[in-house]
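I opened this model to go through its salt bridges, its enclosed spaces and a few details of the backbone, and I kept the entries below in the order in which I looked things up.

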Amino acid sequence: MAAVLHACPPALNRPTPAIVTQRAARRLPRWALLLLCAAYVLPGHFGRDPWRNADVTAYGYMHALAHGGDWWHPTIAGLPSDGGLLPYWLGALFIQAFGSWIGPELAARVPFALLLAATLALTWYSCYHLARTEAAQPVAFAFGGEAHPIDYARAVADGAVLALLASLGLLQLGHEITPELVQLAGVSLCLYAVSASTYRGWQPRLAIVLALPLMAGSGAPSLALTLAAAATIVCWRSHYDATRAFAPWVLVSALFAALLATAFGTWGWRINQWPSVTQILRLLVWFTWPAWLLAGWTLWRWRQHLQHRHIAWPASIVAIAVIACAAMNGSDRALLLGLPALAVLSAFALPTLRRTMASAIDWFSVCFFSAGALFVWVMYAAMHTGIPAKPAANIAKLAPGFEASFSLPALCLGIAATLAWGWLVRWRTGRHREVLWRSLVLPASGVALIWLLMLTLWLPLLNYARSDRPLVERLTRHLPAGACVLTSGLPRHQLAALQALGGLRVQASLEAGPRDCRYLLLIGSRRSPPVAPVGWTLVAAERRPTDRHEQTYLYRRD
C-alpha cells in the first residue's frame, strides 16, 4: 500500500484552462470503444499477403528462422538482418507454434496484432493516469458541479485512444510485422510507466524494465537511452514522491537496454542526410493528422503549465520522435514512435476546445469519410459488375490480369460497417454534443471505416497489386520445386518473397553460390534487359502485373 501513496503537490499558482462539467465527463461506452478498436486492429492482420518492402522482408527473416535458420544470425538469401532480433524471434516462435494450424503468414501476424492492441490500451492508461494528476484537473466551480477527477480522466483517456485511431500514419505501419511495431509497443510501455508511477506500484516498474530493453532488442537502442534520459528528468522534477522515487528504475532499465544492445550488436548510427524543413512539415501534416492540430492547441492553451508532467512527458517523447525522423532523412517509421504520446497530448485539448473548431472537425469528417466510403463501394461494384465502366477500365489498366473473386463474408462486413457509420453520424449530430471526446468520434470511426472497407472489399485487388506473390507464382512455373536460384541485383523484399512464399533456395551472390545452382535471376526492363554471364540461357522474363517497368529475367545454366 505504501508503494502507491504519494505526497500531495503544492497548490498550483495558476488555474488550469480546463472547465468541464460532470455531464461533459461521461465516458464512451466500453462496448463501442472495444468494437471500434477491433474494427481497426483486425483488418489488415488477417487474410492478406505480406506486402512489398519492409513487411515481406520481415516475414522472410521469421520464416527462415522458423525453418531451421540460425537464431543469432538470421539471413535471407545469405544477407543478414539490419535490425534487432526480438521481432524476428517473436514471429518465428508463433510460426513454429501455430503455423501448421492457421498458416505461417497468419501465425506471424498474431503477436503483432496483439502488440497493436496493447499500444492502444497503454495509450488509454497513460492518458488516464496523467489526467488524474492535480495539475491536469479542471477548474473547481464555486457551487460544485465540476467533473469528478476519475470521470474526467476516463473521458480524456477515451479521447486519446480516438486520436490515435484517427492518426493516418498508424494505418499501414501499425498493421505490418516489422521491428518498428515492437519499438512502438516499447515506447507505449515507457509512456505508461512514467505516467502511472504516481498511482501504481509494481505495474509501472515492470513496464519500464521491459520497455527500454524491448526497444534496444528490436533495433532502437539510441532512442531507448534518449527516452531514459527524458524520463529521468521528468521524474526528478515531479511534485510527487512516488514519481521521483521512480527515476532509479528508469536508469536500471536503461542499463539493461544497453547490455542487450551490446549482446545483439544493434548499436550503430543511422543518421542520414537531413531533409529540408518543408519535407518534415509535409510529413508531419499528413502522417499525424488530426492529432497534430489538437496537440498544437494543447500547447497553446496549456502554455503556462508546460512544466507539469501531463504536458512535459508526452511532449518530450514527441520531440524525440520528430528529431529522430529528421536525423533519419524524414523516416516515417521513426515518426511512428511518437504517435501514442502525440495522441495523449492532443487529448488534453478536448477540455478547452471551442465549439466552432469541434463542429468544423465533425463536418470535415462526415464529408471526407462518407465520400471515401462511396468511392470504395463504386470501385467494388466496378470490379464485380463492370459498372460504372470508367472505374472498371481503370482497374483493368492498373491491374491487368486481375480477376475479382466474390466473398459473402467480406460483403456482409462492408455493409455492416457502412450502416454503422450512418448510424454513428446521426447519433453524433443528435446527441452527446457536450461530452469531451465528441470531436474525435467521427475522425476515428471514419478511419476505421475506410480501413475495414478496403481490407475486406478490396483485399484481393490489394494483394494482387501490393504483394510479390503474383511474380513469385509466375517465376515458379519455370522452376522445379525447391530449386536453388542465384540472384544479382534483386531487392531484399523480392529475395524474401522468393524464399518464403516460393519455397526456393535463394543465394544473393553469384560468386558465393553453390555450383549446383542451375538457375539465375537478374533485374532489368523491357527496353534494357540485363547482360547475363557466359554460360547461361534465357528461360523466361516475368514481371509483377502492376509493374510496368521492372522485369525479372530467369536464366538456366548451360
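Entry 1, Arg52 and its partner. In this predicted model I began with Arg52, which is partly exposed at a relative accessible area of 21%; that value is not under 20%, so Arg52 does not count as buried. I then looked for its partner and found a salt bridge to Asp468, with the closest N and O atoms 3.2 Å apart. Asp468 lies in the loop between α21 and α22, while Arg52 lies in the loop between α1 and α2, so this pair ties together parts that are 416 residues apart in sequence. On the Asp468 side I noted a relative accessible area of 1%, and therefore a buried residue.

Entry 2, Asp49 and Arg469. I next checked the side chains of Arg469 and Asp49, which meet in a salt bridge at 3.2 Å, N to O. Arg469 belongs to helix α22 (residues 469-476) and Asp49 to the loop between α1 and α2 (54-66), so here the parts tied together are 420 residues apart in sequence. Asp49 is buried, and I wrote down 14% as its relative accessible area.

Entry 3, Arg48 and Asp55. The side chains of Arg48 and Asp55 also meet in a salt bridge, with 3.1 Å from N to O, and I found both residues buried. How many salt bridges does a search of the whole structure find? The search returned 10.

Entry 4, the second largest pocket. I turned from the charged pairs to the open spaces and recorded a volume of about 950 Å³ for the second largest pocket. Its lining takes in 42 residues, and those that lie nearest its centre are Leu35, Ala39, Ala417, Ala420 and Leu452. Which helices supply at least two residues each to this lining? I listed α1 (30-41), α17 (355-385), α19 (408-430), α20 (438-457) and α21 (459-466), and noted that α19 gives the largest share, 10 residues. Sorted by class, the lining holds 36 nonpolar and 6 polar residues, with no charged residues.

Entry 5, the cavity. I found 1 cavity of 30 Å³ or more in the structure, and the volume of the largest cavity is about 50 Å³. The residues that line the largest cavity are Val187, Met215, Leu223, Leu227, Ile317, Ile320, Ala321, Ala334 and Leu337. Two or more of the lining residues come from each of α9 (221-236) and α14 (309-327), and the largest share, 3 residues, is that of α14. By class I counted 9 nonpolar residues in this lining, with no polar and no charged ones.

Entry 6, Val318 in α14. While on helix α14 I also looked up Val318, which is found there and is buried, with a relative accessible area of 17%. Between Val318 and Pro340 the C-alpha to C-alpha distance is 8.7 Å, with their positions 22 residues apart in sequence.

Entry 7, a surface patch. On the outside I noted that Val252, Leu255, Phe256 and Leu259 form a nonpolar patch on the surface, and that their accessible area together is about 360 Å². Leu259 sits in helix α11 (residues 247-264); its relative accessible area is 53%, and I therefore entered this residue as exposed.

Entry 8, backbone details. I found a cis peptide bond from Trp289 to Pro290, with omega near -5°, and placed Pro290 in the loop between α12 (277-287) and α13 (291-301). The peptide bond from Ile387 to Pro388 is cis as well, with omega near 0°, and Pro388 is in the loop between α17 and α18 (389-398).

Which way does phi point, positive or negative, at Ala77? Ala77 has a positive phi of about 55° although it is not a glycine, and this residue lies in the loop between β1 (75-76) and β2 (79-80), buried at a relative accessible area of 2%. Asn329 likewise has a positive phi, near 60°; I located Asn329 in the loop between α14 and α15 (332-336), and with a relative accessible area of 42% Asn329 is partly exposed.

Technical notes:
Residues are numbered from 1 along each chain as its sequence is written. This is a predicted model: local features need pLDDT of at least 70, side-chain atom pairs count only at pLDDT 80 or more; totals for chains, interfaces and linings use all residues. Side-chain values use heavy atoms; hydrogens and water are left out. On a 1 Å grid over the protein atoms alone, a cavity is a set of points where a 1.4 Å probe fits but cannot get out, and a pocket is an open set with protein on both sides within 12 Å along at least five of seven lines; lining residues have an atom within 4 Å of a point. Grid points are joined across faces, edges and corners, and a volume is the space filled by probe spheres set on the points. Helices (H or I, at least four residues) and strands (E, at least two) are DSSP runs, numbered from the N terminus. Ala, Val, Leu, Ile, Met, Phe, Trp, Tyr, Cys and Pro count as nonpolar, Asp, Glu, Lys and Arg as charged, and the others, Gly among them, as polar. Patches are made of residues with over 30% relative accessible area and no salt bridge: like charges are joined within 9 Å, nonpolar side chains (Val, Leu, Ile, Met, Phe, Trp, Tyr) within 5 Å. Accessible areas come from the Shrake-Rupley method with a 1.4 Å probe; for residues, only the protein chains shown count as cover. A salt bridge is a side-chain nitrogen of Lys or Arg within 4 Å of a carboxyl oxygen of Asp or Glu. Buried means under 20% relative accessible area, exposed over 50%, partly exposed in between (1.4 Å probe, protein chains only).
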